[in-house]
Amino acid sequence: MNRLRNLFAIPELRKRLLFTLLLLAIYRLGVHVSVPGVNAENLSAALKRGAGGLFDVVDLFSGGAFKKFSVFALGIAPYITASIVLQLMGAVVPYLENLQKKEGEAGRQKINQWTRYLTVFLAFVQGMGIASLAQSQNAPGLEVVTTAISPTAFRFLAAFTLSVGTIFVMWIGEQITERGIGNGISLLIFAGIVAGLPQGVTTLTVLITKSLKNAPNVPPPGIFILLIAAMIVVLLAVVMVENAYRRIPIHYARRADSAGMSSQRSSYMPLKVNTAGVMPVIFASSVIFFPATINQYFKWEWLAKVSAYISPQTHFWTYTPVFVGVVVFFSFFYTSIVFNPDETAENMKRSGGYIPGIRPGKETSIFMDGILSKLTFVGAVYLAAVSLVPLLITNNIQGLNFYFGGTSLLIVVGVAMDSAAQLESLLVMRRYDGFLEKGRIRGRSTRRGEA
């Protein structure tokens with residue numbers, strides 16, 4: 001409560017918070033605006049009868065916009081896909097690798113620009129696919145897409161509308177990151193999941209009530225108790241692991257002070273157990289369900305078999321090792337982008353710092369890379385475990401979908417904690433700036449008094 005009072009007491013932070021809330025509200029309003037020519041209610045009913053779990057996942061990450069065929073139906077998914085493609089290409093294309101690691105801010109801006117271009121292309125292609133999918137749901141007496149315009153014209157209209165919506169959502173995310181509080185992309189996914197939680201709670205309450213009355217086709221009450229216990233364990237695990245660090249001691253060379261005495265400064269470098277955060281889970285979910293999404297558009301038999309074998313609804317025990325493997329891969333990949341041991345070791349060497357017992361330079365880099373690899377593996381196993389444990393239970397409960405899955409809980413709690421940490425750092429920085437400003441004012445007053 002003290003932090004909240006301090007937040008609203010500082011004009012700059014208050015503006016940041018209100019700006020973030022305003023953009024999130026605009027995003028949520030846009031979710032309810034459907035593409036012209038689409039009957040959202042009929043489409044939602046048709047999708048419930050058809051794809052089921054796949055569209056529940058896609059709808060989850062779009063905040064309910066997908067099943068409404070909203071202008072934000074694609075959400076931030078094309079941007080995430082474009083980011084994955086550019087980052088993976090950076091590991092194999094020397095030019096992109098040079099931009100990522102050696103060109104600094106200019107290189108990052110260039111990659112961001114290419115990411116936006118690729119996002120527009122992917123959004124248009126996916127928009128054409130979704131438009132075709134919506135047209136395929138037309139049935140006698142259940143018109144999903146209007147027949148007043150030609151099918152080709154509707155596809156181009158829908159693709160253009162969805163592309164513009166994706167660009168606008170991408171802009172909202174960037175503005176929140178730059179001028180608001182927290183990571184904009186993560187907050188948009190967070191807002192979409194949170195918006196669906198009331199419906200999920202209502203569904204869970206109804207199912208528990210039916211279970212207590214021994215209704216048919218409803219799991220016994222023990223299953224729901226196990227689910228709630230698993231959710232509590234996931235929440236505790238996320239809070240504990242996200243705040244866990246490995247401290248690496250650092251000593252700095254002795255320096256003589258004004259009295260001629262030499263002193264040695266000591267510090268430590270905190271390495272997070274889960275350096276990658278929730279991004280590997282988001283990436284893994286997007287990659288695993290990508291074949292099933294494409295199959296809905298093109299109806300390829302071989303792709304249908306592949307998507308069925310990695311679907312948690314049909315082959316959970318096949319989906320599990322694939323999901324774990326993808327999460328581990330993206331955990332290591334994303335961590336290598338976020339933290340560079342070579343650069344850190346070089347900066348430490350220039351500042352006169354060293355790790356006790358480790359020679360500065362290359363050996364320090366190897367030592368930190370070894371520790372980081374172990375931490376990343378532990379963090380990846382943690383991400384996979386908290387994502388799969390509740391899903392193992394909800395997979396046998398019809399109606400709960402993914403709102404009570406570990407992925408949803410992990411994203412909600414992880415993003416909330418990241419935003420709170422950034423807010424705390426902004427508060428500390430603002431207090432430090434105020435302290436320096438007071439010191440400058442006192443210094444000027446003292447000099448005037450002496451004069």
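Modeller: Before we start, buried means under 20% relative accessible area, exposed over 50%, and partly exposed in between (1.4 Å probe, protein chains only). This is a predicted model, where local features need pLDDT of at least 70, side-chain atom pairs count only at pLDDT 80 or more, and totals for chains, interfaces and linings use all residues. Residues are numbered from 1 along each chain as its sequence is written, and side-chain values use heavy atoms, leaving out hydrogens and water.

Colleague: Is Phe330 buried or exposed, and at what relative accessible area?

Modeller: Its partner Phe329 counts as partly exposed, because its relative accessibility is 42%. Phe330 falls under the 20% cut-off, so Phe330 is buried, at 3%.

Colleague: How many aromatic pairs does the structure hold?

Modeller: Rings of Phe, Tyr and Trp (its six-membered ring) pair if their centres lie within 6.5 Å; planes under 30 degrees apart count as stacked, over 60 as edge-to-face and the rest as tilted. Tyr27 and Phe72 are stacked, at 5.8 Å centre to centre and 15° between the planes. Phe329 and Phe330 are edge-to-face, at 5.2 Å and 70°. The total is eight.

Colleague: Which residues form one aromatic cluster with Tyr27 and Phe72?

Modeller: Tyr27 and Phe72 are both buried. Tyr27 belongs to helix α2 (helices being DSSP runs of H or I, at least four residues, numbered from the N terminus), and Phe72 lies in the loop between α4 and α5, 45 residues apart from Tyr27. The others in the cluster are Phe168 and Trp171.

Notes
Helices (H or I, at least four residues) and strands (E, at least two) are DSSP runs, numbered from the N terminus.
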